[in-house]
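Student: I'd like a close look at one part of this protein, with some sense of how far to trust it. Could you walk me through it?

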Amino acid sequence: MNFRKLVATGFAIMSFTASAAVAADIASVPDPVYGCNPNGFLELHGGVADMDGRDLSEVIAGDASLAICLGSMFGMQLDAKIEHQFDEVSVNGVLHGFIRNPDSYLLGAIAGYGDFGPTDAWFVGPELELYGDQVSFEAVGGYMDVDRGPREGGQVFALADVAFYPTENIRLVAGASTVAKFESA
């Protein structure tokens with residue numbers, strides 16, 4: 001589930017960013033009742049961001065995620081992110097509740113909050129992921145309430161990715177988003 005990166009990027013980075021990332025998976029023990037593993041990751045990344053009218057900025061960020069089973073097909077995931085760029089620190093968190101067949105789909109709902117320097121936002125909406133052998137489609141959208149800033153008030157957001165897995169451990173992604181009338185690809 002890559003909504004963690006999509007929302008964090010869509011809200012926090014209103015620019016082009018080049019970055020390098022290092023991730024570590026959290027070890028897990030199988031659940032004796034449902035036979036599924038809690039899983040998660042920690043990720044650190046950094047790079048350079050560019051935005052019209054601003055000088056280049058360093059980007060330093062960290063992500064964390066933890067997913068747990070609530071039944072044989074149900075689950076919950078908590079994602080968190082902190083990022084520094086353009087002399088601003090942003091933090092956000094997203095809670096996912098979902099039903100999933102890991103061979104074919106995920107259908108769920110998300111709710112979250114982000115403090116993005118001069119702007120704060122609450123958001124809620126559905127998410128959908130469809131899995132093929134080497135290709136997956138991931139989408140999320142919904143409503144957000146922006147508390148301050150140039151896009152204050154009720155807004156919509158939509159984010160979509162198409163991912164290709166040339167091997168089990170390599171993921172190539174193309175995506176597009178519109179978040180409070182800010183479009184990116």
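Student: In which element is confidence lowest, and in which is it highest? Please take a close look at the high end and what surrounds it.

Tutor: Happy to! This is a predicted model, and confidence is highest in strand S8 (residues 135–146), at a mean of 95, and lowest in helix H1 (residues 3–12), at 40. Over residues 1–28 the pLDDT is below 50, although this stretch has 83 contacts in the model beyond near neighbours in sequence. Where pLDDT is low, predicted coordinates should not be read in detail. The protein as a whole averages 81, with 81% of the residues scoring at least 70.

Now to S8 itself. The largest nonpolar core has 12 residues, among them Val-140, Met-144 and Val-146. S8 gives the most to this core, with 3 residues, while strands S6 (105–116), S7 and S9 (153–167) each give two or more as well.

Follow the chain onward and you reach Arg-148, in the loop between S8 and S9. Arg-148 counts as partly exposed because its relative accessibility is 41%. Its contacts, leaving aside residues up to four places away in sequence, are with Gly-117, Pro-118, Thr-119 and Asp-120. Thr-119 is 29 residues from Arg-148 in sequence, yet their C-alpha atoms are 4.9 Å apart.

Strand S7 (residues 119–131) also holds Glu-129. Glu-129 is buried without a salt bridge, and the nearest oppositely charged side chain, Arg-100, is 5.5 Å away. The side chain of Glu-129 does make a polar contact with that of Tyr-131, at 2.6 Å.

Conventions. Residues are numbered from 1 along each chain as its sequence is written. This is a predicted model: local features need pLDDT of at least 70, side-chain atom pairs count only at pLDDT 80 or more; totals for chains, interfaces and linings use all residues. Side-chain values use heavy atoms; hydrogens and water are left out. Helices (H or I, at least four residues) and strands (E, at least two) are DSSP runs, numbered from the N terminus. Buried means under 20% relative accessible area, exposed over 50%, partly exposed in between (1.4 Å probe, protein chains only). Lys and Arg count as positive and Asp and Glu as negative; His and the chain ends are not counted. A salt bridge is a side-chain nitrogen of Lys or Arg within 4 Å of a carboxyl oxygen of Asp or Glu. A polar contact is a pair of N or O atoms within 3.5 Å; within protein, one must be able to donate a hydrogen and the other to accept it, and residues adjacent in sequence count only if both atoms are side-chain atoms. pLDDT is the predictor's confidence in each residue, from 0 to 100. Contact means heavy atoms within 4.5 Å. A nonpolar core is a set of buried Ala, Val, Leu, Ile, Met, Phe, Trp, Tyr and Cys residues joined through side-chain atoms within 4.5 Å.
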